[in-house]
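Student: Hi, I'm new to this one and would like to go through it piece by piece. Could you bring it up so we can start?

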Amino acid sequence: MSWGTELWDQFDNLEKHTQWGIDILEKYIKFVKERTEIELSYAKQLRNLAKKYQPKKNSKEEEEYRYTACKAFLSTLNEMNDYAGQHEVISENMTSNITVELARYVQELKQERKSYFHDGRKAQQHIEICWKQLESSKRRFERDCKEADRAQQYFEKMDADINVTKADVEKARQQAQARHQMAEDSKADYSSILQKFNHEQHEYYHTHIPNIFQKIQEMEERRIVRIGESMKTYAEVDRQVIPIIGKCLDEIVKAAESIDQKNDSQLVIEAYKSGFEPPGDVEFEDYTQPMKRTVSDNSLSNSRGEGKPELKFGGKSKGKLWPFIKKNKGATPEDFSNLPPEQRRKKLQQKVDELNKEIQKEMDQRDAITKMKDVYLKNPQMGDPASLDHKLTEVSQNIEKLRLEAQKFEAWLAEVEGRLPARSEQARRQSGMFDAQNPATVNNCAQDRESSPDGSYTEDQSQEGEVKVLATDFDDEFDEEEPLPAIGTCKALYTFEGQNEGTISVVEGETLYVIEEDKGDGWTRIRRNEDEEGYVPTSYVEVYLDKNAKDP
């Protein structure tokens, strides 16, 4: 099966067919290109969709993602990002492995096809020239033969005429012989050209055209094979991402299976539990007796304090039971005293955690500055160590402020958790409420709070006295603190100018006593003599701990 032998006379049709094949290839390239654009668009839409439903930072939505169902949804959104990434991979691989490669191949194919058909047309033109030469020699031979016949007939006529002179007859004879010779020459020329044409024609139909058509056939078959391979690649690109897409879907299923309805129910309790006890029964108040109504100890009025308006359930009374009271919408107190006990504890704990994170962040910054200063000291050409002193001082001050703030919230948290007495006698005496306003012992958090007319919860005044008393006790403890014993010695590696309060200056090579190790803040407490002690950067000294060391 060869186009050269079977289609020897179908040059024009083969030219049209091969052009059609290239058009099909270009159509497939366009199809794949549009598929890659769809994949990119789909991936982009999936990413935008996942981003749209991501929880906003520092918002109420972020708190909702404590629940397992919301966590599972968040995992689904994250997996959708990975899922979208695989569609981007499909687009990239199809572009590089199919569209780019086929586009390059089409250009090569066009050049190859152009070369083959150029050779074919050149062969056609050559055989047409040979045919024209043959026809020309044939017509010349025919014309010369006719002229020779006429000359011969004229000679015979002149020879038969007795009235014609001998000279005229001889002239006619010579002319007839000349014409006959011309005919013979034309015959020989025609014969030669005919043989040449037959040879060229044989070469054209049995050698040149078959070879050209065979190359065109091979070119077309390569095109067909190439488009088939591209279709396989098209499928393989999709198949390669199926395992990863499957993993994404498996992770979504795994996240869905991790949903724990009991855990979510417990989180609801933790989020909204007030810590109060349910109210008791309301006593029947007999209005038929002309006497002052007595409210039962179990009435909710006790939780509102003495001297407060009594609950009335007749007429247009505006009294409401506390579970249905609207919360105060004013400014939130710093100690969250407007919240129920359990919610207050959570808020205080959250605040303490935030402050500790900020403290750690500042400490990390201080350590980084200290290390940079140490580098500057060792390599002065890199920078001036003194230029970092102001920043170190600023960071140390920030740490101290944050620690004081954290201690304040930890004190309130300790009170709520019952780690400190809810109210000391000294605080009661200072607040002036021990003898008259609080004759009974406070037993629960609900009785420690008063409810303002608008329904918000407020702490008793005596809590301020309590915090002040605690601070006074702590100050007394520090005032009575005895000097710390030496726990080792240290050698100053560098000179340090202790210009800030609490620091001590040292000279390079000086030996001093260590009375307190570095507690993670980058400072070591040392003593020179009984009257001189303070802090130096830990990186400035080399410490030798010795339990048997004694003060000088």
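Student: Which residue does Thr 489 stand opposite in S4?

Tutor: Thr 489 stands opposite Tyr 513 in S4, and strands S3 (residues 488-492) and S4 (residues 511-516) pair in the antiparallel sense over 4 bridges. Two strands pair if DSSP finds at least two bridges between them, while helices (H or I, at least four residues) and strands (E, at least two) are DSSP runs, numbered from the N terminus.

Student: Before I trust any of that, what kind of model is it?

Tutor: This is a predicted model, in which local features need pLDDT of at least 70 and side-chain atom pairs count only at pLDDT 80 or more, whereas totals for chains, interfaces and linings use all residues. Residues are numbered from 1 along each chain as its sequence is written, and side-chain values use heavy atoms, with hydrogens and water left out.

Student: Okay, back to S3: which of its side chains are buried?

Tutor: Gly 488, Cys 490 and Ala 492 point to one face and are buried, while Thr 489 and Lys 491 point to the other face and are not. Buried means under 20% relative accessible area, exposed means over 50%, and partly exposed is in between (1.4 Å probe, protein chains only). In a regular strand the side chains alternate between the two faces of the sheet.

Student: And what does S3 pair with besides S4?

Tutor: S3 is also joined to S7 by 5 bridges, again in an antiparallel run, and Ala 492 stands opposite Val 541 there.

Student: So what's the strand order of the whole sheet?

Tutor: It is an open sheet of 5 strands with antiparallel pairing, in the order S6-S5-S4-S3-S7. The edge strands, each pairing on one side only, are S6 (533-537) and S7 (541-545). Neighbouring strands are turned by 40° against each other on average, direction ignored; here axes are lines fitted to C-alpha atoms, for helices over the stretch in contact, and angles run from 0 to 180 degrees between N-to-C directions.

Student: How many bridges join S5 to S6?

Tutor: There are 5, between antiparallel strands, with S5 covering residues 523-527, and the bridge partner of Ile 526 in S6 is Gly 534.

Student: Switching to helices, how do H2 and H4 cross?

Tutor: The axes of H2 (residues 11-52) and H4 (residues 68-160) come within 8 Å and cross at roughly 165°. The two helices are therefore roughly antiparallel to each other, a label for angles over 145 degrees, where under 35 is roughly parallel, 65 to 115 roughly perpendicular and the rest oblique.

Student: What about H4 and H5?

Tutor: Their axes come within 6 Å and cross at roughly 170°, so H4 and H5 are roughly antiparallel to each other as well.

Student: Is Thr 36 in H2 buried or exposed?

Tutor: Thr 36 lies in helix H2 and is buried, with a relative accessible area of 5%. The C-alpha atoms of Thr 36 and Glu 88 are separated by 8.4 Å, although these residues are 52 residues apart along the chain.

Student: And Ile 242, buried or exposed?

Tutor: Ile 242, whose place is in helix H5 (residues 166-257), counts as exposed at 52% relative accessibility. Ile 242 and Gln 86 are 156 residues apart in sequence and 8.7 Å apart in space, C-alpha to C-alpha.

Student: Last one: what comes after H8?

Tutor: H8 is followed by Gly 418, whose phi is positive, near 85°. Within H8, the buried residues include Leu 392, Phe 409 and Trp 412.
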